[in-house]
Amino acid sequence: MNAPGPGARLVLVLIRFYQWFISPQLGSNCRFNPTCSAYAMTAVRRHGAIRGGWLAFRRVLRCHPFSRGGHDPVPDSHDHRKCK
């Protein structure tokens, strides 16, 4: 795995800020495993700022009261059919 680029590093810092300062105020509400912020961190590290951000955005949209949730890992880099 390559080191994240400058855009990915910025996104990772923003996610970490959310995890440390905002998430504790909201409580544990995520319906998925891993949590949406942990999913976003992994997605950005694995796929970069643009594709990882897109995957994280789609995941947050799926996190609502009518979602079943459950285990939803980040797709591998070579599994492009899940990234579209």
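In the predicted model, helix 2 contributes a set of buried residues: Cys 36, Ser 37, Tyr 39, Ala 40, Met 41, Ala 43, Val 44 and His 47. These buried residues pack against three elements. The partners are helix 1, strand 1 (32–33) and helix 3 (49–62). Helix 2 itself covers residues 36–47. Its 12 residues should span 16 Å at 1.5 Å a residue, and the end C-alpha atoms are 16 Å apart, so the expected and modelled spans agree. Gly 48 follows helix 2. The phi angle of Gly 48 is positive, near 95 degrees.

The C-terminal end of helix 2 also has a partner later in the chain. Ser 77 touches Arg 46 and His 47, leaving aside residues up to four places away in sequence. Of these two, His 47 is among the buried residues of helix 2. Ser 77 lies in the segment after strand 2 (70–71). Ser 77 has a relative accessibility of 39% and therefore counts as partly exposed, a class that runs from 20% to 50%. The C-alpha atom of Ser 77 is 9.4 Å from that of Ala 43. Along the chain, Ser 77 and Ala 43 are 34 residues apart.

The chain as a whole contains three helices and two strands. Their order along the sequence is α-β-α-α-β. The radius of gyration is 13 Å, close to the 12 Å given by the globule rule for 84 residues, so the chain is as compact as a globular protein of that length. Along its principal axes, the C-alpha trace spans about 35 × 30 × 15 Å. Contacts between residues 24 or more positions apart make up 72% of those with a separation of 6 or more. Buried residues account for 27% of the 84 residues.

The accessible surface of the chain comes to about 6000 Å². Carbon and sulfur atoms supply 60% of this surface. A nonpolar surface patch is formed by Phe 17, Tyr 18, Trp 20, Phe 21, Ile 22 and Leu 26. Together these residues have about 650 Å² of accessible area. Phe 17, one of the patch residues, is located in helix 1 (residues 6–26). The relative accessible area of Phe 17 is 45%, so this residue is partly exposed. Helix 1 thus carries Phe 17 of the patch and is also one of the elements against which the buried residues of helix 2 pack.

Note on methods: Residues are numbered from 1 along each chain as its sequence is written. This is a predicted model: local features need pLDDT of at least 70, side-chain atom pairs count only at pLDDT 80 or more; totals for chains, interfaces and linings use all residues. Side-chain values use heavy atoms; hydrogens and water are left out. Patches are made of residues with over 30% relative accessible area and no salt bridge: like charges are joined within 9 Å, nonpolar side chains (Val, Leu, Ile, Met, Phe, Trp, Tyr) within 5 Å. Accessible areas come from the Shrake-Rupley method with a 1.4 Å probe; for residues, only the protein chains shown count as cover. A salt bridge is a side-chain nitrogen of Lys or Arg within 4 Å of a carboxyl oxygen of Asp or Glu. Helices (H or I, at least four residues) and strands (E, at least two) are DSSP runs, numbered from the N terminus. Buried means under 20% relative accessible area, exposed over 50%, partly exposed in between (1.4 Å probe, protein chains only). The radius of gyration is taken over C-alpha atoms; the globule rule is 2.2 Å times the number of residues to the power 0.38. Contact means heavy atoms within 4.5 Å. The expected span of a helix is 1.5 Å times one less than its number of residues.
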